[in-house]
Amino acid sequence: MTYTIGKIASIVEGRTEGKSNESIEIKDLLFDSRLLISPENTLFFSLKSNRNNGNKYIDELYNKGVRCFVVEGTIEQATQYPQATFIIVGNTLKALQKLAAHHRGNFNIPIVGITGSNGKTIIKEWLYQILSHEMSVARSPKSYNSQIGVPISVWQLNELHQIAIFEAGISRPGEMQNLEKIIRPTIGIFTNIGEAHGKNFDKIRHKVEEK
């Protein structure tokens, strides 16, 4: 399954600026500059948070060979990166999630979604060990179960996979709705519901309803 910059821009409803080489094929999605593997086929999502701004790493990544970026607003220094293509969106996290949700829609295989306060990762690994002897299994790397981790996990799906196992974790109301649209599980597993990540919920019943 091939995704070019032009196709991705259309999926996330963004506009391209810069070199606009819309034929570049993207294989890897990157949100952390320290995880760079294959610069020439990487698309960097410049995520913003209260503590950090992904735009700070564009220069470093460009110098390492990355040529494709998803950013919010306009890059004032775009002329400094003559070989780069920028996809401009309103919200980079939502764009990442939208791209992963689109990718998920290409697969008609069993998708296991695991949620709960504890034990998600170990159950995922148990299932993987059991199933991987008989079929090709996609699974969340490490404990990638957040608003960022889930779309990165789902992006791994390819035509060879026969089943997928993804974790979903939340820390505030409304987050599970986003993850459900990306994972769209055909099988759901609840581990348990406890006090972990509960500070943003009025009571445990509220957390149960969200999950």
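Which residue in β5 is the bridge partner of Glu 72? In this predicted model, the partner of Glu 72 turns out to be Val 89. That pair belongs to a parallel match between β4 (residues 68–72) and β5 (residues 85–89), which are joined by five bridges. Zooming out, both strands sit in an open sheet of five strands, ordered β1-β5-β4-β3-β2, with mixed pairing. At its edges are β1 (15–18) and β2 (28–30), each of them paired on one side only. Direction ignored, neighbouring strands in this sheet are turned by 25° against each other on average.

There is a second open sheet, this one built from four strands in the order β7-β8-β6-β9, and here the pairing is parallel. The edge positions go to β7 and β9 (187–190); each has a single partner strand, so one side of each has no neighbour in the sheet. From one strand to the next, the twist averages 15°. As for β6 (residues 111–115), four bridges link this strand to β9 in the parallel sense, and Val 112 stands opposite Ile 187 of β9. Helix α4 (residues 120–131) packs on this sheet and touches β6, β7, β8 (163–167) and β9, with its direction at about 165° to that of β8.

Next come the helices, starting with α6. Which residues of α6 (residues 175–183) are buried? The list reads Glu 175, Met 176, Leu 179, Ile 182 and Ile 183. These residues lie on the same side of α6, because they cover an arc of only 120° around the axis. In general, an α-helix has 3.6 residues a turn, so residues three or four places apart point the same way. The face of α6 turned away from the buried side carries Gln 177 and Lys 181, both exposed. Just after the helix, Arg 184 takes a positive phi of about 45°.

Helix α6 also meets α3 (residues 92–104): the two axes come within 7 Å and cross at roughly 35°. On the α3 side, the contact is made by Gln 97, Ala 100, Ala 101 and Arg 104, while α6 puts in Asn 178, Lys 181, Ile 182 and Ile 183. By type, the residues of this contact split into four nonpolar, two polar and two charged. A few names recur from the previous paragraph: Ile 182 and Ile 183 are among the buried residues of α6, whereas Lys 181 is on the face turned away from them.

The loops have some details of their own. Is Ser 140, in the loop between β7 (137–139) and α5 (149–154), buried or exposed? Ser 140 is buried, at a relative accessible area of 1%. A polar atom of the Ser 140 side chain lies 3.1 Å from the backbone nitrogen of Glu 167. Neighbours within four places in sequence aside, Ser 140 is in contact with Lys 124, Ser 153, Ile 165, Phe 166 and Glu 167. That loop between β7 and α5 is also home to Lys 142. Unlike the buried Ser 140, Lys 142 counts as exposed, with a relative accessibility of 64%.

Backbone angles are worth a look here too. Most residues other than glycine have a negative phi. Lys 142 goes the other way, with a positive phi near 50°. Glu 13 likewise has a positive phi, near 60°, and is not a glycine. Glu 13 is placed in the loop between α1 (5–11) and β1, and at 65% relative accessibility this residue counts as exposed.

Last comes Gly 65, found in the loop between α2 (58–63) and β4. Gly 65 is partly exposed, its relative accessible area being 23%; the cut-off for counting as buried is under 20%. With neighbours within four places in sequence left aside, Gly 65 is in contact with Pro 39 and Glu 40. How far apart are the C-alpha atoms of Gly 65 and Thr 42? The separation is 9.2 Å, for two residues that are 23 residues apart along the chain.

Definitions and conventions. Residues numbered from 1 in each chain as written. Predicted model: local features only at pLDDT ≥ 70, side-chain atom pairs only at ≥ 80, totals over all residues. Heavy atoms only, no water. Buried < 20%, exposed > 50% of the residue type's maximum accessible area, 1.4 Å probe, protein only. Helix = DSSP H or I, 4+ residues; strand = E, 2+ residues; numbered from the N terminus. Arc of directions from axis to C-beta. Polar contact = N/O pair within 3.5 Å; in protein donor to acceptor, adjacent residues only side chain to side chain. Contact = heavy atoms within 4.5 Å. Pairing = 2+ DSSP bridges. Axes fitted to C-alpha atoms, helices over the stretch in contact; angles between N-to-C directions. Nonpolar A, V, L, I, M, F, W, Y, C, P; charged D, E, K, R; others polar.
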